[in-house]
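Biologist: I am new to this structure and would like a close look at a single part of it. Could you take me to one boundary inside a chain and then show me how the charged pairs fit into the picture?

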Protein chains: 2
Amino acid sequence: MFEQLGLIGCGLMGGSFALALKEAGLVKRVVGYSKSPSTTERARQMGVIDDIAPTAAMAASGADLVLLAMPVAATEATLQSIQQQVTHRTLVMDVGSTKTDVVHAARSALGNSFGSFVPAHPITGKEVAGVEHADVHLYRNALVVLTPTEHTLAPQLQHAEALWKALGCRVTRMAPETHDTAFAAVSHLPHLLAFAMMNGVLAQPEAAHFLSLAGPGFRDFTRIAGGEPRLWRDVLLANKKEVLAQSRHFQQALQQLEQAMLADDDQALQALLTHASDARLHWTMGQPPAARTPA
Amino acid sequence: MFEQLGLIGCGLMGGSFALALKEAGLVKRVVGYSKSPSTTERARQMGVIDDIAPTAAMAASGADLVLLAMPVAATEATLQSIQQQVTHRTLVMDVGSTKTDVVHAARSALGNSFGSFVPAHPITGKEVAGVEHADVHLYRNALVVLTPTEHTLAPQLQHAEALWKALGCRVTRMAPETHDTAFAAVSHLPHLLAFAMMNGVLAQPEAAHFLSLAGPGFRDFTRIAGGEPRLWRDVLLANKKEVLAQSRHFQQALQQLEQAMLADDDQALQALLTHASDARLHWTMGQPPAARTPA
């Protein structure tokens, strides 16, 4: 049980976290700060936060738990502004989609208090932003990746793990760099491709006609293209090197398929499609796939 | 009301069509043929078909409605084999994802009876094949594109349109070439990209670890990569030119995004992401988007 959550960023992710923590009876009081006063006002009206703080530092003041839930690019400045409030007994976490840059920012901003920070990435979200979409069940059954460093304090790490588990999450740990490579592959690249898919259609004069004919396959394939541009801009820039490396893997695979098409090589094409299809049909979210030999 | 449906191909699409027709009370008897005897046997046991025909011609014999529901590459040979059974009173349709090649095959195979053929593409499906997944509601609320030619007989076209509407579909007509361009953009290309996405991940030694961390975004983005390899091989080859043209549009859009990332140009990147995101958020399946100016 925490005495006070200092919530910095009261949007979808932060708001849902506060609601879930309250429902689980894990916090006595939530003090919220957001860049936009109308957001904090709305969050208070909705019961997401109990009190509004005029600054991030005021939200963190006296808090034994601080959650950063604003775009990742603002991490360093935010941590600098609350650095005075963080003690060796505070647990500070974020919910950002990239971790190497966040760890770097935290190390530089928090100095001696860096050990109180447990970098966290809950694999969940919605294509709609804002506290009005906050959902007490957003984190239920989600995977949460923690990327502690050699400086992370053991009690903080234990509390973090216990907290996410109490919200119904599965928790795993890995190095920040491992996290960023893996999520470049299975999250950041798919987002980049979905955005490119939309723009490739929109660049054509017949775009409106094409889109009026699109069905369920297109709907699901492009769902993530509705993601928040500012959030994804920050993710793509923060993890640029890994995302571009994954894009090269993708483009090689695309080229292989196109070459089989161009050559009218139906056997090669079918083999490539079967390789993809088999793997997808055997994949289940949240379960390590059975050991399979990559091509 | 049709006296007899000759169903050629008793898999997911054909089986679901027979079930829907029966439920709507639109057919008295269904005679089915499939390449695999175990499929027809299963279809009869499930009540999808009433009788098993040993050949496609026997299924079409005496039928006033014939549905072709096997991979598009088999269209010409199949139509040739039933050509003797098709009169100016028969309605013959297919459910293939490409139309220019199907129209070409039908013209060449049916000769004088070409007018009885109404090329049809219902925009629906599942990532699981086989009659065991046949679903009486598969076609409900689906869009069905008919691509008649100047030879298509008016009564056949009217019956076709009325039939699909009676199954709860929305029906639209367009030229086969228009169809193939549009569906290259919003269906065939997304499939190609989803297959490439899977293969790009699988080509890496860490594939299993990456996949074990993938969340809901990846799940929806790659859902169509589970599609049947043989069916998609045929579609990609039949509509190769249009699909490759759409892939070039996509690759240009991807390159634009990557250039903004490489240049650390956060404004350009955000503008590109916003363009895609706005269009996706304003898109609703089955509704023509509000007039918007493409970039």
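**Where two domains meet**

Modeller: Happy to! Across the interface of domain 1 and domain 2 of chain A, 0 salt bridges are found. Please keep in mind that this is a predicted model. To place that boundary, domain 1 of chain A covers 2-174 and domain 2 covers 178-282. Their centres, taken over C-alpha atoms, are 31 Å apart.

What, then, do the two domains of chain A share? Contact involves 16 residues of domain 1 and 15 residues of domain 2. Between them, about 1300 Å² of area is buried, and carbon and sulfur atoms give 65% of that area. There are also 4 residue pairs in polar contact between domain 1 and domain 2 of chain A. On the domain 1 side that touches domain 2, the residues are 7 nonpolar, 5 polar and 4 charged.

Now for the salt bridges themselves. Over all chains, the structure holds 24 of them. In chain A, Glu161(A), Lys165(A) and Arg173(A) are linked in a network of salt bridges. Another pair in chain A is Arg219(A) with Asp220(A), whose closest N and O atoms are 2.9 Å apart. Arg219(A) counts as partly exposed, at 33% relative accessibility, while Asp220(A) is buried, with a relative accessible area of 15%.

Chain B gives you two further pairs to look at. Lys165(B) and Glu161(B) meet through their side chains in a salt bridge of 3.3 Å, N to O. Both residues sit in helix α6 (residues 154-166) of chain B, and they are 4 residues apart, about one turn of the helix. Lys165(B) is partly exposed at 46% relative accessibility, whereas Glu161(B) is buried, with a relative accessible area of 16%.

The other pair is Asp51(B) and Arg29(B), with a salt bridge of 3.0 Å, N to O, between their side chains. Asp51(B) belongs to strand β3 (residues 51-52) of chain B and Arg29(B) to strand β2 (residues 27-33) of chain B, so this pair ties together parts that are 22 residues apart in sequence. Asp51(B) is partly exposed at 28% relative accessibility, and Arg29(B) is partly exposed too, with a relative accessible area of 36%.

Methods: Residues numbered from 1 in each chain as written. Chains lettered and ligands numbered in written order. Predicted model: local features only at pLDDT ≥ 70, side-chain atom pairs only at ≥ 80, totals over all residues. Heavy atoms only, no water. Salt bridge = Lys/Arg side-chain N within 4 Å of Asp/Glu carboxyl O. Buried < 20%, exposed > 50% of the residue type's maximum accessible area, 1.4 Å probe, protein only. Helix = DSSP H or I, 4+ residues; strand = E, 2+ residues; numbered from the N terminus. Domains from an automatic or database assignment. Contact = heavy atoms within 4.5 Å. Buried area = accessible area lost by both parts, 1.4 Å probe. Polar contact = N/O pair within 3.5 Å; in protein donor to acceptor, adjacent residues only side chain to side chain. Nonpolar A, V, L, I, M, F, W, Y, C, P; charged D, E, K, R; others polar.
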